[in-house]
Amino acid sequence: MPRFPTIVPVVAVALMDGEGAVLMQQRPAHKHHGGLWEFPGGKVEAGERLEEALIREIGEELGIALAHDALVPFSFASASDQPHVVMLYTCLRWQGEPQALDAQAIAWFPPERLAGLAMPPLDVPLAAALHKAAKRAN
Ligand SMILES: Nc1nc2c([nH]c(=O)n2[C@@H]2O[C@H](COP(=O)(O)OP(=O)(O)OP(=O)(O)O)[C@@H](O)[C@H]2O)c(=O)[nH]1
């Protein structure tokens, strides 16, 4: 019987500003997927709850405190050739001003511009779903 690879859970967030723009970060050049734009986040550590991991990662990467009750599960993405499962939340409320503490750069993009970014493969369907949801909301 075929066996599935062990899953590596990754949590990420689409922070949205008052105009619906989404914050993306550019991965450091020396890392896997270097230079690509991704949703801020990272791997869930053993024993961590998903939201707890996300709040920790975002504190480390952007220096902001996400409001726990503002984290809304949005979608997830996986592929047969990699163990990562990216679980994306949306969030409209946080404390502090996002800074690129880990990434090469951070920037806000209207949802319709996400598809034009160079992204890791798992982010492509997530970005498309965000764009679709934004269109439905308008
Ligand atoms: N944070 C984040 N990671 C993503 C996204 N999409 C995606 O495929 N990933 C992958 O999920 C993993 C997250 O790992 P991480 O951010 O905690 O740690 P890392 O950069 O050191 O990863 P690495 O060990 O693969 O180099 C990376 O392999 C990354 O490429 C995304 O939108 N956000």
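This is a short talk on a sheet, two helices and a ligand shell.

Okay, hi everyone. Before we start, keep in mind that what you're looking at is a predicted model.

Let's begin with the sheet. It's an open one with four strands, and if you read across it the order goes 4-1-7-6, with mixed pairing. Out at the edges you'll find strand 4, residues 41-43, and strand 6, residues 71-79, and each of those pairs on one side only. Going from one strand to the next, the twist averages 20°.

Now look at strand 1 and strand 7. How many bridges join them? Eight, linking residues 8-15 with residues 82-91, and these two strands run parallel. If you want a spot to zoom in on, try Pro 9, whose bridge partner in strand 7 is Val 85.

Next, the helices. Helix 2, residues 123-137, packs on the sheet and touches strands 1, 6 and 7. Its direction makes about 140° with that of strand 6. Then there's helix 1, residues 50-62, which lies across strands 1, 4, 6 and 7 and runs at about 65° to strand 1.

Last stop, the ligand. There are 15 residues around it, and the ones that come nearest are Glu 38, Phe 39, Gly 41, Gly 42 and Pro 120. Which elements give two or more residues to that shell? Strand 1, strand 4 and strand 7 do. Strand 4 has the largest share, with three residues. So we meet that edge strand again here.

And what's the shell made of, by class? Six nonpolar residues, five polar and four charged.

That's the tour, thanks!

Methods:
Residues are numbered from 1 along each chain as its sequence is written. This is a predicted model: local features need pLDDT of at least 70, side-chain atom pairs count only at pLDDT 80 or more; totals for chains, interfaces and linings use all residues. Two strands pair if DSSP finds at least two bridges between them. Axes are lines fitted to C-alpha atoms, for helices over the stretch in contact, and angles run from 0 to 180 degrees between N-to-C directions. Two residues are in contact if their C-beta atoms, placed from the backbone, lie within 7 Å. A residue is near a molecule or strand if its C-beta atom, placed from the backbone, lies within 6 Å of it. Ala, Val, Leu, Ile, Met, Phe, Trp, Tyr, Cys and Pro count as nonpolar, Asp, Glu, Lys and Arg as charged, and the others, Gly among them, as polar.
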